[in-house]
Amino acid sequence: MRDESEIHAAWMRGDMTGASSQLLTTLGPEILGYLVGMHGDLDKANDVFSAFCERIWREMPDFQWRCSARTWAYVIVRRISIDHARSESRRTRRIQPISQLSGWSEIAAQVRTQTMPFLQTGARDALRALRDRLPPEDRMLLVLRVDRELSWSDLAHVFLGDAAGDAARRKQEAARLRKRFQLVKDRLRRWMIEGGLLPPDDA
């Protein structure tokens, strides 16, 4: 599990700027890599990442620590990704003084500088191309479970968002996601067989 002690310590001191900065520095490269994989486009990933950084900066005081900071980050980035996909042409960015924006924008730029060269040099293989054929929600589930290794409980928290406070509902959602994950794996396997990436199942 990623060490979040510095994020939590800054938050407990009431240093929301420090907590936000630490979260973005620690989790930013992972989140940006996830967004590039999800959206398949560097410009779109950058747009969502900028909105994600701003949201973290703005909402850190309201974070309740009912889950890890990493899980909370994925809750936020999932919402922004969905909004972006639904209406790419709509931009509802709230105008704020530069003094308030400079903190997260500088960190976002630093994360991009460190992360983008690595992402751009990674060749997209056949399996990635197949994964990109999945619906966004299924692709998100696959990436968060396989690549980011989120637990079923954390995944339920991400997909439920504000409704994740209900333990019974969270357990039900975790069970639903397990079944959905199996269906996604079965679909990918079928596509891999059809594409000659795997041998056909034995008759």
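Tutor: Let's start with a term: a residue is buried when its relative accessible area is under 20%, and exposed when that value is over 50%. Keep in mind that what we're reading is a predicted model.

Student: Okay, let me try it on Ile31. Is Ile31 buried or exposed?

Tutor: Ile31 has 1% relative accessibility, so it counts as buried. The residue sits in helix H2.

Student: Which residues does Ile31 touch, apart from its neighbours within four places in sequence?

Tutor: Ile31 is in contact with Phe49, Phe52, Ala73, Tyr74 and Val77. Take Ala73: it is 42 residues from Ile31 along the chain, yet their C-alpha atoms are separated by 8.1 Å.

Student: Let's zoom out for a moment. How many helices and strands does the protein have?

Tutor: Nine helices and zero strands. Read from the N terminus, the order of elements is α-α-α-α-α-α-α-α-α. Of the 203 residues, 43% count as buried. And if you take contacts between residues at least 6 apart in sequence, 69% of them join residues at least 24 apart.

Student: Back to H2, then. How far apart are the end C-alpha atoms of H2?

Tutor: Here you compare the span with what a straight helix would reach at 1.5 Å a residue. H2 covers residues 16-39, which is 24 residues, and its ends are only 30 Å apart, short of the 34 Å for a straight helix.

Student: Where does H2 bend?

Tutor: At Leu27, by about 55°, and a proline, Pro29, follows within four residues. As for burial, H2 is mostly covered, with 17 of its 24 residues buried. Just past the helix, Gly40 has a positive phi of about 65°.

Student: And what does the span look like for H3?

Tutor: Helix H3 takes in residues 42-59, 18 in number, and from first C-alpha to last it reaches 25 Å, close to the expected 26 Å. Its buried residues include Phe49 and Phe52, and those two are also among the contacts of Ile31.

Student: Now phi. What sign does phi have in most residues?

Tutor: Most residues other than glycine have a negative phi. Two residues here are worth a look on that score. Trp65 has a phi near 60°, a positive value in a residue other than glycine, and its place is the loop between H3 and H4. Glu149 also has a positive phi, near 55°, and belongs to the loop between H7 and H8.

Student: Is Glu149 buried or exposed?

Tutor: Exposed, because its relative accessibility is 64%.

Student: Let's move to packing. What describes two packed helices?

Tutor: You use the angle between their axes and the distance between the axes. For H7 (residues 136-147) and H9 (residues 167-194), the angle is about 100° and the axes are 10 Å apart. So H7 is roughly perpendicular to H9.

Student: Which residues of H7 and H9 meet?

Tutor: From H7 you have Glu137, Asp138, Leu141, Leu142, Arg145 and Val146, and from H9 there are Leu177, Arg180, Phe181, Val184, Arg187 and Leu188. By type, the residues of this contact are seven nonpolar, no polar and five charged.

Student: At what angle do H8 and H9 pack?

Tutor: At about 100°, with their axes 8 Å apart. That makes H8 roughly perpendicular to H9. On the H8 side the contact is made by Trp152, Ser153, Leu155, Ala156, His157, Phe159 and Leu160; on the H9 side, by Arg169, Arg170, Glu173, Ala174, Leu177, Arg178 and Phe181. This contact divides into eight nonpolar residues, two polar and four charged.

Student: How many residues of H8 are buried?

Tutor: Seven of its nine, which leaves H8 mostly covered. The buried residues pack against helix H4 (69-86), H7 and H9. Right after H8 comes Gly161, with a positive phi near 65°.

Student: Let me finish on Ala156 in H8. Which residues is Ala156 in contact with, leaving aside its neighbours within four places in sequence?

Tutor: Those are Arg170, Glu173, Ala174 and Leu177. With 0% relative accessibility, Ala156 counts as buried. The C-alpha atom of Ala156 is also 7.5 Å from that of Lys171, 15 residues away along the chain.

Definitions and conventions:
Residues are numbered from 1 along each chain as its sequence is written. This is a predicted model: local features need pLDDT of at least 70, side-chain atom pairs count only at pLDDT 80 or more; totals for chains, interfaces and linings use all residues. Side-chain values use heavy atoms; hydrogens and water are left out. Helices (H or I, at least four residues) and strands (E, at least two) are DSSP runs, numbered from the N terminus. The expected span of a helix is 1.5 Å times one less than its number of residues. The bend at a residue is the angle between axes fitted to the seven residues ending there and the seven starting there. Buried means under 20% relative accessible area, exposed over 50%, partly exposed in between (1.4 Å probe, protein chains only). Axes are lines fitted to C-alpha atoms, for helices over the stretch in contact, and angles run from 0 to 180 degrees between N-to-C directions. Angles under 35 degrees count as roughly parallel, over 145 as roughly antiparallel, 65 to 115 as roughly perpendicular and the rest as oblique. Contact means heavy atoms within 4.5 Å. Ala, Val, Leu, Ile, Met, Phe, Trp, Tyr, Cys and Pro count as nonpolar, Asp, Glu, Lys and Arg as charged, and the others, Gly among them, as polar.
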